[in-house]
Amino acid sequence: NKVKGEILRLNETSAFVWELCDGTHSIKEIIDLLTQKYEVDRSTAEKDVENLFSILEEKALIDMNWSPF
């Protein structure tokens, strides 16, 4: 976050999800890709993505209310 001067370190799976937060992937698509790449069950992937998005939104790095439409 350039405004606050903070750095957020991401592990490999979080970095993978972050790269997909480009406005073209739905949350469902991100979870699908995560389960395929890391062979994690859907329930775990959903919880992990929800937790990550909560952190990213808290840090003002994403806006969960944004919509391209």
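## Overall fold

How many helices and how many strands does the secondary structure of the chain come to? The chain has three helices and zero strands, where helices (H or I, at least four residues) and strands (E, at least two) are DSSP runs numbered from the N terminus. Read from the N terminus on, the elements run α-α-α.

A word on the model before going further: this is a predicted model, in which local features need pLDDT of at least 70 and side-chain atom pairs count only at pLDDT 80 or more, while totals for chains, interfaces and linings use all residues. Residues are numbered from 1 along each chain as its sequence is written, and side-chain values use heavy atoms, with hydrogens and water left out.

## Surface and burial

The accessible surface of the chain is about 5400 Å², and 50% of that belongs to carbon and sulfur atoms. Accessible areas come from the Shrake-Rupley method with a 1.4 Å probe, and for residues only the protein chains shown count as cover. Of the 69 residues in the chain, 20% are buried; here buried means under 20% relative accessible area, exposed means over 50%, and partly exposed is in between (1.4 Å probe, protein chains only).

On the outside, Leu8, Leu10, Trp18 and Ile55 make a nonpolar surface patch of about 300 Å². Patches are built from residues with over 30% relative accessible area and no salt bridge, joining like charges within 9 Å and nonpolar side chains (Val, Leu, Ile, Met, Phe, Trp, Tyr) within 5 Å. One of the patch members, Leu8, sits in the segment before helix H1 (12-20) and is partly exposed, at a relative accessible area of 35%.

## Helix packing and contacts

H1 and H2 pack with their axes 10 Å apart, at an angle of about 145 degrees. The axes are lines fitted to C-alpha atoms, for helices over the stretch in contact, and angles run from 0 to 180 degrees between N-to-C directions. Glu12, Thr13, Phe16, Val17 and Leu20 of H1 meet Ile30, Leu33, Leu34, Lys37 and Tyr38 of H2 in this contact, with contact meaning heavy atoms within 4.5 Å.

Among contacts between residues at least 6 apart in sequence, 39% join residues at least 24 apart. For a local view, take Thr35 in helix H2: Thr35 is buried, with a relative accessible area of 18%. Leaving aside residues up to four places away in sequence, Thr35 touches Val40, Asp41, Arg42 and Ala45.

## A salt-bridge network

Side chains of opposite charge can pair when their charged atoms come close. The structure holds three salt bridges, each defined as a side-chain nitrogen of Lys or Arg within 4 Å of a carboxyl oxygen of Asp or Glu. Lys28, Asp32, Arg42 and Glu46 are linked in a network of such bridges.

Lys28 pairs with Asp32, the closest N and O atoms being 2.9 Å apart. These two are four residues apart in helix H2 (residues 27-38), so about one helical turn separates them. Lys28 is exposed, with a relative accessible area of 52%.

Which residue besides Lys28 forms a salt bridge with aspartate 32? Arg42 does, with the closest N and O atoms 2.6 Å apart. Because Arg42 lies in helix H3 (residues 42-58) and Asp32 in helix H2, the pair ties together parts that are ten residues apart in sequence. Arg42 also bridges to Glu46, at 3.3 Å between the closest N and O atoms, and both of these residues lie in helix H3, four residues apart. Arg42 and Glu46 are partly exposed, with relative accessible areas of 33% and 38%.
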